[in-house]
Amino acid sequence: MNDAYARGRFFVCADDFGLNAPACDAAIELAWSGRISAISVLIDSRHTRSNAAALRQLRNFTSIGLHFNLTERLGTDKSSNAARSLQYWIWQAYMQPVSTARVAAAALTAQLDKFEHDLGFAPEFIDGHRHVHQLPGIGLSVAQLAHQRYGEHCAIRLTAPGIDRGIKASCIKQLGGSRMLRTVNEFKLAHNKDFAGVYDFSTDPPYAFRMKRWISELADGGLIMCHPQVPDQDANPARVSEYLYLRSEQWRKLLASCSLTLAPFRTTEL
């Protein structure tokens, strides 16, 4: 372990809850067994609705947040009306940030309303599916609404890693990571202090190697995102590999030996 960073708390968040049944099953199992500490929810999904009771049971020891969605058409209500491609949102955010912010604010309001209605509690954090929450205009809307609705009780995920973690991680950061840091600081919103988990969804090198490296480099207050799915005929092999590793004895032993403590991603931990 890198002694300069191996201290304090860190967070492991399963993204894409609601994308499909295997993603929901994986996150629920891993949360119950203490292998992850947060779940990011696509609220406009029938799979989320069918697992609402499980999420309510998990929230005592697992943070449950909103995976703000602008790219997947998962439902038929107004929270899905804004679904477009990621390329569309990047273009709109940089070319028309003011109008993009208005559209994003309406979509986020609908998804927050649905989250509170369907789950019966407010999200403990907000992030974005495919990191759309950090784009120009959209990021400002996210911070404003989080501040207005929840004050100091809602954290925001930042995508800026504390050190160089490869080309893909750098590209994500460049699309809005540094700007989002300034925005959340302006609104005095809690946030993660480091970010890892970005890779090309290949299985070489093995996920165990990637996770050990991320843990060894992660700063106090850092967050590692993951995308586990239980084995299924249509599942992405990398997502299945994540699930198999996170439920393994190898991951349990790494957690036990790590001087960083796995904690829920909520403002009381930040």
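Gly137 is in contact (heavy atoms within 4.5 Å) with Pro97 and Ala101, leaving aside its neighbours within four places in sequence. Gly137 lies in the loop between strand S4 and helix H6; helices (H or I, at least four residues) and strands (E, at least two) are DSSP runs, numbered from the N terminus. At 17% relative accessibility, Gly137 counts as buried, where buried means under 20% relative accessible area, exposed over 50%, and partly exposed in between (1.4 Å probe, protein chains only). From Gly137 to Met225 there are 88 residues in sequence and 24 Å in space, C-alpha to C-alpha.

This is a predicted model, in which local features need pLDDT of at least 70, side-chain atom pairs count only at pLDDT 80 or more, and totals for chains, interfaces and linings use all residues. Residues are numbered from 1 along each chain as its sequence is written, and side-chain values use heavy atoms, with hydrogens and water left out. The mean pLDDT (the predictor's confidence in each residue, from 0 to 100) of the protein chain is 93, and 95% of its residues reach 70 or more. Over residues 1–6 the pLDDT stays under 50, and for these residues the model has 15 contacts beyond four places in sequence.

The loop that holds Gly137 also holds His131, between strand S4 (125–128) and helix H6 (138–150). His131 has a phi near 65°, a positive value in a residue other than glycine. His131 is buried, with a relative accessible area of 11%. Outside its neighbours within four places in sequence, His131 is in contact with Thr159, Ile172, Phe195 and Met225. His131 and Ser178 are 47 residues apart in sequence, and their C-alpha atoms are 13 Å apart in space.

A positive phi also occurs at Lys188, a residue other than glycine, where the value is near 55°. Lys188 lies in the loop between helix H7 (167–186) and strand S6. At 70% relative accessibility, Lys188 counts as exposed. On the other side of strand S6 (194–196), the loop leading to helix H8 (207–217) contains Pro205. A cis peptide bond joins Asp204 and Pro205, with omega about 5°.

Helix H9 (residues 237–246) is largely enclosed by the rest of the structure, because seven of its 10 residues are buried. The buried residues of H9 are Ala238, Arg239, Val240, Glu242, Tyr243, Tyr245 and Leu246. They pack against strand S1 (9–17), helix H1 (21–32), helix H8, strand S7 (222–226) and helix H10 (249–257).

Helix H1, one of the elements packed against H9, contains Ile28. Ile28 is buried, with a relative accessible area of 13%. Not counting residues up to four places away in sequence, Ile28 touches Phe17, Asn51, Ala54 and Leu58. The C-alpha atoms of Ile28 and Arg165 are separated by 28 Å, with the two positions 137 residues apart along the chain.

The remaining values describe the chain as a whole. The protein chain contains 10 helices and eight strands. Its C-alpha atoms fill a box of roughly 50 × 40 × 35 Å, taken along the principal axes. With 270 residues, a compact globule would have a radius of gyration near 18 Å, and the 17 Å of the protein chain agrees with this. The radius is taken over C-alpha atoms, and the globule rule is 2.2 Å times the number of residues to the power 0.38.

Of the 270 residues in the protein chain, 57% are buried. Among contacts with a separation of 6 or more, 79% are between residues 24 or more positions apart. The protein chain exposes about 11500 Å², of which carbon and sulfur atoms supply 51%; accessible areas come from the Shrake-Rupley method with a 1.4 Å probe, and for residues only the protein chains shown count as cover. There are 30 positive and 26 negative side chains, and the centres of the two sets lie 3 Å apart. Lys and Arg count as positive and Asp and Glu as negative, while His and the chain ends are not counted. The place of a charge is taken as NZ of Lys, CZ of Arg, CG of Asp or CD of Glu.
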